[in-house]
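Reader: Before we discuss individual features, may I see the sequence and the coordinates together?
Author: Certainly; they are shown here.

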Amino acid sequence: MRSLKIQAYHPFRSPEAKQEYLHFYDYLAEQWPTPSETRLVSTTFGQTLIRIQGPADAAPLVLLPGDTETSLSWLPVIEAFSQSYRTYAIDHVYDNGRSIYTKEMSRPSDLVDWLDEVFDELRLGRLNLAGYSYGAWQTALYSLANPSRVEKLVLLAPSATILFPGPVILMRAVLYHFLPYRFVARNYFHWYGPDAVNDDRTRARVDEMVEEDLLARRCFKKRKFVPPTRLSDANWRELRVPTLFLVGENDRTYSAQRAIRRLRRVAPEVETMIAPNTDHYILLTNPDWVIRNTLSFLQKSGK
């Protein structure tokens, strides 16, 4: 693996790009509720920023965001989760946000190793894991590799993991990736979130996500993407962690109904629920539903 050239402004393209992105990031972070603390945790992959909140003696709940998103994506649910749990919302080390990678990630096992180091540095024993989209895929991988460390697992609209994305979203994603223009990004985000853009408040947040995405593309250096994988039937049968799968009925990534049919066939012990009138942006579109069902699952005794 080639060595990285680490400048003072890494992982940004320039000092000016770093200042521009972090100014916008910190503006969004002003919405994060207090009291809370932030920590930079050192790993062999770099420094990871974590937002910590909730009672110090409460059970830990670790939160992983989606691809190109940050810990701030948990804003709609963080206050409710932090009333009952000690929450740890993470900025991916190899993605947008305030984490700083010093080693490239090239395979799924790198993500598992990174998380294990983060949890060790935080001195977390058994913990609850919740992931959204790309982050949900990572939490599933981690739970397969380290089942004794995970109390319960919550998968929110996971990327791949259960089903591969359909051809329509793949074609749209390719255009979005290679044509970094505002109208292309806006069209993609609005198509991906049909329920979110039907409401004035959430549509404004989707448009803010478009601006954030374009800004990050301008400011960050290019990184190799580790694509999410579909877990095999054997993987699902090997998963020994109590698991909840939540998905919106209008998720464009794959058919919610087909995903649940597969889980019922290969992993019937996984609890599954479909949110009505909800797209892929499940945290934004239907936070109350996510809060209610996630807390009910986590607080339920037994398997």
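Reader: Is serine 71 buried or exposed?
Author: Buried means under 20% relative accessible area, exposed over 50%, and partly exposed in between, with a 1.4 Å probe and protein chains only. Serine 71 has a relative accessible area of 0% and is therefore buried. This residue lies in the loop between β3 (60–64) and α2 (75–84); helices (H or I, at least four residues) and strands (E, at least two) are DSSP runs, numbered from the N terminus. The model is a predicted one, in which local features need pLDDT of at least 70 and side-chain atom pairs count only at pLDDT 80 or more, whereas totals for chains, interfaces and linings use all residues. Residues are numbered from 1 along each chain as its sequence is written, and side-chain values use heavy atoms, with hydrogens and water left out.

Reader: Which residues does serine 71 touch?
Author: Contact means heavy atoms within 4.5 Å. Not counting residues up to four places away in sequence, serine 71 touches Tyr25, Trp32, Leu49, Arg51, Pro65, Ala89, Ile90 and Asp91.

Reader: How is serine 42 to be classified, as buried, partly exposed or exposed?
Author: Serine 42, in strand β1 (residues 37–43), is partly exposed, with a relative accessible area of 44%. Neighbours within four places in sequence aside, serine 42 is in contact with Gln47 and Glu121. Between serine 42 and tyrosine 101 the C-alpha to C-alpha distance is 9.9 Å, although 59 residues separate them in sequence.

Reader: What is the relative accessibility of isoleucine 282?
Author: Isoleucine 282 counts as buried, at 0% relative accessibility. Isoleucine 282 belongs to helix α10 (residues 282–285). Beyond four places in sequence, the contacts of isoleucine 282 include Tyr132, Leu156, Leu246, Trp289 and Val290. Aspartate 195 is 87 residues from isoleucine 282 in sequence and 9.5 Å away in space, C-alpha to C-alpha.

Reader: How should the packing of two helices be read, and at what angle do α6 and α7 pack?
Author: Axes are lines fitted to C-alpha atoms, for helices over the stretch in contact, and angles run from 0 to 180 degrees between N-to-C directions. Angles under 35 degrees count as roughly parallel, over 145 as roughly antiparallel, 65 to 115 as roughly perpendicular and the rest as oblique. Helix α6 (residues 182–192) packs against helix α7 (residues 200–219) at about 135 degrees, with the axes 10 Å apart; α6 and α7 are therefore oblique to each other. Among the residues making this contact are Phe189 and His190 of α6 and Val206 and Asp207 of α7.

Reader: What role has histidine 190 in the contacts?
Author: Histidine 190 is in α6 and, at 16% relative accessibility, counts as buried. Leaving aside neighbours within four places in sequence, histidine 190 is in contact with Val197, Arg203, Val206 and Asp207. A polar contact is a pair of N or O atoms within 3.5 Å; within protein, one must be able to donate a hydrogen and the other to accept it, and residues adjacent in sequence count only if both atoms are side-chain atoms. One such contact, of 2.7 Å, joins the side chains of histidine 190 and aspartate 207.

Reader: How are α1 and α7 oriented to each other?
Author: Helix α1 (residues 15–29) packs with α7 at about 155 degrees, the axes being 9 Å apart. The two helices, α1 and α7, are therefore roughly antiparallel.
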